[in-house]
Amino acid sequence: MKWKNILKIFLISGSISAIVLIGTLIWGLSKLPSAFDIKQNLTPPALKDHAAKVGTESGEQALPPSSKQEEASAHQENAPALSEKEQITKNTTRVLLEDFLDTRKPLVEGCRNLERASQSHFFRDPQNASAKYFFEILAGETKDPLVETAAPVMRFMFRAPGMQSVVDMVMKSEEEKDPGLLKKAEFYYEIYRAGEYLKNHKSDIDMILQKTYNMHHLAKAVAQKPDLAKDSATLSFCEQMEKNVNESGSYDADDAAAEMLKFLADAGVDPKSIDYDPKYRSQVKMNLSSTQLNINDAWVVRLFARDIEKAHKESAKN
């Protein structure tokens, strides 16, 4: 067989292989959930609030302050009461859009409200899921240092490159229920970009979790002994940790654990009484699926263990 014929057969085989590969990729992409499909897992009222806000900002004529207040009051009076599920989703969506994605906000800001630790209901109500309270507090005006010190890693993750685009496409997906393969490809590219960034910055995630572990347990110590919130040494220690989280300062986990143990000893707080483990070292595991990024073996995940277990049971039923 002449070499030209061999080359021709090779090129034809290569072209067929490429077509089969591209066809397989397109078929696979068409089977993945679109941004609209993912959006259906969110409750409409929360998304309508966001859509109304976007519509006003994009060019609707602004009303005078008094008119806005009157219109808002009338709307609230006439609006039907939200179900518990709708309220949870509304709070979650608000926190996502106005907190986690907002790069102007620091990763953590819990020291100024340290005295409220003793008033926290995080973990206290056996009938109330921790996740529900978590998003309710972050969405509202009341501050809770136990909640605040558990939020930094989520803020870091949602501020990863690509995450803003993913959220924007999900929020706008009502306009395009079937966006087409190119739009879906763009959507999953942004998910991939965010996932790759987080995978490549796993050490940063571990560092944030390690730093906030001590800060969270400082808040638990204050919840146990409220007078600590009035102590200047406690506030100074808290502010030192807060600054280290927000400014990515140098950090030695062993030294930090020793400092924490000394603080607890001086305060008369038994580490075991607040579930503090000085040997804890963050080593997260990440798993990126088509619709979510799962993080395992993180102390923050353990806070919501009961909620996660309940979600798994509900998912199994469906």
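Good morning, colleagues. I shall begin with the aromatic residues: Phe100, Phe122, Tyr133, Phe134, Phe135, Phe158 and Phe304 are linked by ring pairs into a cluster. Across the structure, the count of aromatic pairs comes to twelve. As a reminder, a pair of aromatic rings is described by two quantities, the distance of the centres and the angle of the planes. I should say at once that the model before you is a predicted one.

Let me now turn to the overall fold. The chain is made up of 318 residues, and 36% of them are buried. Its secondary structure consists of 15 helices and two strands. How much of the contact set joins residues at least 24 apart, when contacts between residues at least 6 apart in sequence are taken? The share is 77%. As for the surface, the chain exposes about 19600 Å², and 54% of this area is supplied by carbon and sulfur atoms.

My next topic is the charged residues. Eleven salt bridges are found when the whole structure is searched. I shall discuss three of these.

The first I wish to show joins Arg104 to Asp102 through their side chains, with an N to O distance of 3.0 Å. Are these two partners buried or exposed? Arg104 has a relative accessibility of 74%, and because this is over the 50% limit, Arg104 counts as exposed. Asp102 has a relative accessible area of 13%; this is under 20%, so Asp102 is buried. The bridge between Arg104 and Asp102 therefore brings together an exposed residue and a buried one.

Next, please look at Asp254 and Arg281. Their side chains form a salt bridge with N and O 2.6 Å apart. Which parts of the chain does this pair tie together? Asp254 belongs to helix α13, residues 253-267, while Arg281 sits in the loop between α13 and β1, the latter being residues 285-288; the pair therefore ties together parts that lie 27 residues apart in sequence. Arg281 counts as partly exposed, because its relative accessibility is 31%, a value that falls between the limits of 20% and 50%.

Finally, there is a network. Asp99, Glu148 and Arg155 are joined into one by salt bridges that share partners. Within this network, the salt bridge of Glu148 with Arg155 has its closest N and O atoms 2.9 Å apart. Glu148 and Arg155 are both buried.

To close, I would draw your attention once more to the aromatic cluster, which includes Tyr133 and Phe304, and to the network that includes Asp99. Thank you for your attention.

Technical notes
Residues numbered from 1 in each chain as written. Predicted model: local features only at pLDDT ≥ 70, side-chain atom pairs only at ≥ 80, totals over all residues. Heavy atoms only, no water. Phe/Tyr/Trp six-rings, centres within 6.5 Å; stacked < 30°, edge-to-face > 60°. Helix = DSSP H or I, 4+ residues; strand = E, 2+ residues; numbered from the N terminus. Buried < 20%, exposed > 50% of the residue type's maximum accessible area, 1.4 Å probe, protein only. Contact = heavy atoms within 4.5 Å. Areas by Shrake-Rupley, 256 points an atom, 1.4 Å probe, with all protein chains shown as cover. Salt bridge = Lys/Arg side-chain N within 4 Å of Asp/Glu carboxyl O.
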